[in-house]
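User: Could you take me through this one by explaining the reasoning behind the labels? I'd like to hear how each value leads to its term.

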Amino acid sequence: MSRLFNVSYKVDCLDFTIERYRRNTVVDMLGTEIVWLDRGFRGYKESGRLLKGGIVAYTDNRFECHFSLGGSALSEYFQSDILRLKTFLKYIVESKCNISRIDYALDVKESLKYAEIQKVIDYDGIVTRVKKIRQIAERLSSTGEILGSTCYVGSGKSDKMLRIYDKAKEQGVEGDWVRIELQLRNKNALNSVNAFLSVDDSGSGSFILGMISAFVDFRDIERKKQVSWWSDLLLGIEKIYFRGEKTDRTFEQRFEWFQRVGAVTLAMASMKYGLDVLGTKVYEMIEQGKARMRDEDYLMIGMVKDE
């Protein structure tokens, strides 16, 4: 029997550069204010602290400004509201900004012990195409007690890296809480956001897990198969790849992807609700989707949005 998991997903870091005249629009969309500081930031000569978290920076003779929003800031601004987050991402993408970094985080609480992941690490069971896997432990200097450790798959300077760590130990709380973070930079970051915006809100978690599973696999080397907790977590999830170059998908390709990702969830819903109730729910989803369709969505099916 497959294990059930208590899983949540979030965007945990967002760094982007946008035209400077759009700075106030971004600040208004975040619902915050800027407190200017007497120092620069990441090569920019001027910087300010956003009241609800994050940094904005610029240089007088440059046309752009830079925003850096960490996990706590994003949580404060969007409060797990995926629709609001996507509206914000859509604005900065359509503004031709440069997304230099985005982190997608997967949290598994109470249903997975970090010791299970540590066992895979110890037996070299992490399978990936990157060359570097390292683990860094934090210890008390007085006693040598391990306070926690982080496994890094890939390099922090590369366009793609994974971090895995015991979030409960980091936060100093009781219980099991494993955090898996996928860090994307440059073209991978921008391409992932474009794809993220095309996914229905209910499929956002599957999308993030699909990106993670395309980058890394957790294997039982002796038995030559996935470890059980990972295969259970991936049940019904398709791998999602990014090559660093944006490709234009046809509607047929998009629909084929939807069939692969959504088939299991639809089957589960039909068994839980029955076909009559499910039909009503699907109709409501379609109407909600129509209200959110963009101009490029209409063009993909050879139609024009009514004014």
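Analyst: Happy to! Let's start with pairing: two strands count as paired if DSSP finds at least two bridges between them. Please keep in mind throughout that this is a predicted model.

User: Then what makes β6 and β11 a pair?

Analyst: The threshold is at least two bridges, and β6 and strand β11 (residues 177–185) are joined over 9 bridges in the antiparallel sense. To find a spot in the ladder, look at Ile-102, which stands opposite Leu-184 in β11.

User: How do you know that β1 pairs with β6, and in which sense?

Analyst: By the bridge count again: 11 bridges join strand β1 (residues 6–19) to β6, and the two run antiparallel. In this ladder, Lys-10 is across from Ala-105 of β6.

User: Why is β6 described as largely enclosed by the rest of the structure?

Analyst: Buried means under 20% relative accessible area. In strand β6 (residues 98–109), 10 of the 12 residues are buried, so the strand is largely enclosed by the rest of the structure.

User: What comes after β6, and where does Glu-110 lie?

Analyst: Glu-110 lies in the loop between β6 and α4 (114–122). The relative accessible area of Glu-110 is 55%, and the line for exposed is drawn at over 50%, so Glu-110 is exposed. The backbone there deserves a look too: phi of Glu-110 is near 65°, a positive value in a residue other than glycine.

User: What makes a positive phi worth pointing out?

Analyst: Most residues other than glycine have a negative phi. Arg-42 is one with a positive value, near 50°, and Arg-42 sits in the loop between β2 (34–37) and β3 (46–50).

User: How do you know that β2 and β3 pair, and what about β3 and β4?

Analyst: β2 and β3 share 4 bridges in the antiparallel sense, against a requirement of at least two. β3 and strand β4 (residues 55–58) also pair over 4 antiparallel bridges. Ser-47 ties the picture together: Leu-37 has Ser-47 of β3 as its bridge partner, while Ser-47 stands opposite Ala-57 in β4. The hairpin of β3 and β4 has 4 residues between the strands, and Gly-53 in this hairpin takes a positive phi near 120°.

User: Which strands are called the edges of the sheet β7-β12-β13, and what makes them so?

Analyst: That open sheet holds 3 strands in the order β7-β12-β13, with antiparallel pairing. Its edge strands are β7 (126–127) and β13 (225–226), as each pairs on one side only. Strand β12 (residues 217–220) and β13 are joined by 2 bridges, which meets the minimum of two. Asp-220 has Lys-225 of β13 as its bridge partner.

User: How are α1 and α3 oriented to each other, and why?

Analyst: The angle between helix α1 (residues 23–30) and helix α3 (residues 82–94) is about 175°, and their axes are 11 Å apart. Angles over 145 degrees count as roughly antiparallel, and α1 and α3 are therefore described that way. Thr-25, Val-26, Met-29 and Leu-30 of α1 meet Arg-84, Thr-87, Phe-88 and Tyr-91 of α3. These contact residues divide into 5 nonpolar, 2 polar and 1 charged.

User: Why is Phe-67 called buried or exposed, whichever it is?

Analyst: Its relative accessible area is 0%, and anything under 20% is buried, so Phe-67 is buried. Phe-67 belongs to strand β5 (residues 64–69). Residues in contact with Phe-67 include Leu-14, Phe-16, Val-26, Leu-50 and Ile-55. Phe-67 and Leu-14 are 53 residues apart in sequence, yet 8.0 Å apart in space, C-alpha to C-alpha.

User: And why does Lys-160 get the label it has?

Analyst: Lys-160 has 21% relative accessibility. The partly exposed class runs between under 20% and over 50%, so Lys-160 counts as partly exposed. Lys-160 is in strand β10 (residues 160–166), and its C-alpha is 5.6 Å from that of Gln-183, 23 residues away in sequence.

User: Which residues have the most contacts inside the largest nonpolar core?

Analyst: They are Phe-16, Ile-92 and Ile-164, in a core of 65 residues. Ile-164 touches, among others, Tyr-114, Ile-117, Ile-126, Val-178, Ile-180 and Phe-218. In soluble globular proteins, nonpolar side chains tend to be buried together.

Definitions and conventions. Residues numbered from 1 in each chain as written. Predicted model: local features only at pLDDT ≥ 70, side-chain atom pairs only at ≥ 80, totals over all residues. Heavy atoms only, no water. Buried < 20%, exposed > 50% of the residue type's maximum accessible area, 1.4 Å probe, protein only. Axes fitted to C-alpha atoms, helices over the stretch in contact; angles between N-to-C directions. Parallel < 35°, antiparallel > 145°, perpendicular 65-115°, else oblique. Contact = heavy atoms within 4.5 Å. Nonpolar A, V, L, I, M, F, W, Y, C, P; charged D, E, K, R; others polar. Core = buried A, V, L, I, M, F, W, Y, C linked by side-chain atoms within 4.5 Å. Lists of a residue's contacts leave out its neighbours within four places in sequence.
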